[in-house]
Amino acid sequence: MKVYRDYFGGDVPELEVLREGVITRIFFDFSVEEKDMDGDTVEVLVCENVDVKGVDYSAIVNAIVRDRYPQDRVEAILANGSNTEAHAEEYAAFQQWRVKAKDVATAVVLELETA
């Protein structure tokens, strides 16, 4: 899910991992966007957020993929295959998100091991 935060300038993080009991909160894909807030344009920090029970690699990958692609949508994408340009693009986007999920999971596991 997209998360918006106040941004006060400075470095934009690549990854944040917070442990809250059995939940691991993962924040990734940070960017800065301009938003209209009551007539004023302000810069906000935008990122993806996924909460995971546990800290193992496969649970993290699954949580990130399922946050964007629930089971019924995955079944539709796989059933459609790439028989049209739109289906091929949707399938490619799904595969790219899976790769992203694996990259994020690897970084999270590494960060938790060194914490």
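**Entry 1. Ser82**

I began at Ser82, which, leaving aside its neighbours within four places in sequence, is in contact (heavy atoms within 4.5 Å) with His87 and Ala88. I note that this is a predicted model, where local features need pLDDT of at least 70, side-chain atom pairs count only at pLDDT 80 or more, and totals for chains, interfaces and linings use all residues. Residues are numbered from 1 along each chain as its sequence is written, and side-chain values use heavy atoms, with hydrogens and water left out.

I placed Ser82 in the loop between helix 2 and helix 3. For elements I use DSSP runs, numbered from the N terminus: helices are H or I with at least four residues, strands are E with at least two. Ser82 has a relative accessible area of 53%, so I list Ser82 as exposed. The classes are buried under 20% relative accessible area, exposed over 50% and partly exposed in between, with a 1.4 Å probe and protein chains only. I also looked up the C-alpha separation of Ser82 and Gln96: 15 Å, for residues 14 apart along the chain.

**Entry 2. The chain overall**

I find 3 helices and 4 strands in the chain. Read from the N terminus, the order is β-β-β-β-α-α-α. The C-alpha trace spans about 45 × 40 × 20 Å along its principal axes. The chain has 115 residues, and 26% of them count as buried. Of the contacts with a separation of 6 or more, 52% come from residues 24 or more positions apart.

**Entry 3. Helix 2 against helix 3**

I looked up the packing of helix 2 and helix 3 and got an angle of about 130°, with the axes 9 Å apart. Axes here are lines fitted to C-alpha atoms, for helices over the stretch in contact, and angles run from 0 to 180 degrees between N-to-C directions. The two helices are therefore oblique to each other. The scheme takes angles under 35 degrees as roughly parallel, over 145 as roughly antiparallel, 65 to 115 as roughly perpendicular and the rest as oblique.

The crossing of helix 2 and helix 3 is left-handed. That label applies if the near helix is turned anticlockwise from the far one by less than a right angle; clockwise gives right-handed. From helix 2 I list Arg73, Val74, Ile77, Leu78 and Asn80, and from helix 3 His87, Glu90, Tyr91 and Phe94. By class this contact has 5 nonpolar, 2 polar and 2 charged residues. Nonpolar covers Ala, Val, Leu, Ile, Met, Phe, Trp, Tyr, Cys and Pro, charged covers Asp, Glu, Lys and Arg, and the others, Gly among them, are polar.

**Entry 4. Helix 1 against helix 3**

Next I took helix 1 (residues 57-68) and helix 3 (residues 85-114), which pack at about 140° with axes 8 Å apart. That angle makes helix 1 oblique to helix 3. Here the crossing is right-handed. On the helix 1 side I wrote down Tyr57, Ile60, Val61, Ile64, Val65 and Arg68. The helix 3 residues they meet include Phe94, Trp97, Arg98, Ala101 and Val109. This contact has 12 nonpolar, 1 polar and 3 charged residues.

**Entry 5. Aromatic pairs**

How many aromatic pairs does the structure hold? I get 2. Rings of Phe, Tyr and Trp (its six-membered ring) pair if their centres lie within 6.5 Å; planes under 30 degrees apart are stacked, over 60 edge-to-face and the rest tilted.

Phe28 and Trp97 have ring centres 6.1 Å apart and planes at 35°, so I enter the pair as tilted. Phe28 is in strand 3 (residues 23-37) and Trp97 in helix 3, so this pair ties together parts 69 residues apart in sequence. Phe28 and Trp97 are both buried.

Tyr69 and Phe94 form an edge-to-face pair, 5.0 Å centre to centre with 70° between the planes. Tyr69 sits in the loop between helix 1 and helix 2 (71-80) and Phe94 in helix 3, so the pair ties together parts 25 residues apart in sequence. I read a relative accessible area of 4% for Tyr69, which is buried. Phe94 also counts as buried, at 6% relative accessibility.

**Entry 6. Positive phi**

I checked Asp29, which has a positive phi of about 60° although it is not a glycine. Asp29 is in strand 3 and counts as partly exposed at 31% relative accessibility.

Asp38, not a glycine either, has a positive phi of about 55°. I located Asp38 in the loop between strand 3 and strand 4 (40-53). Its relative accessible area is 81%, so Asp38 is exposed.
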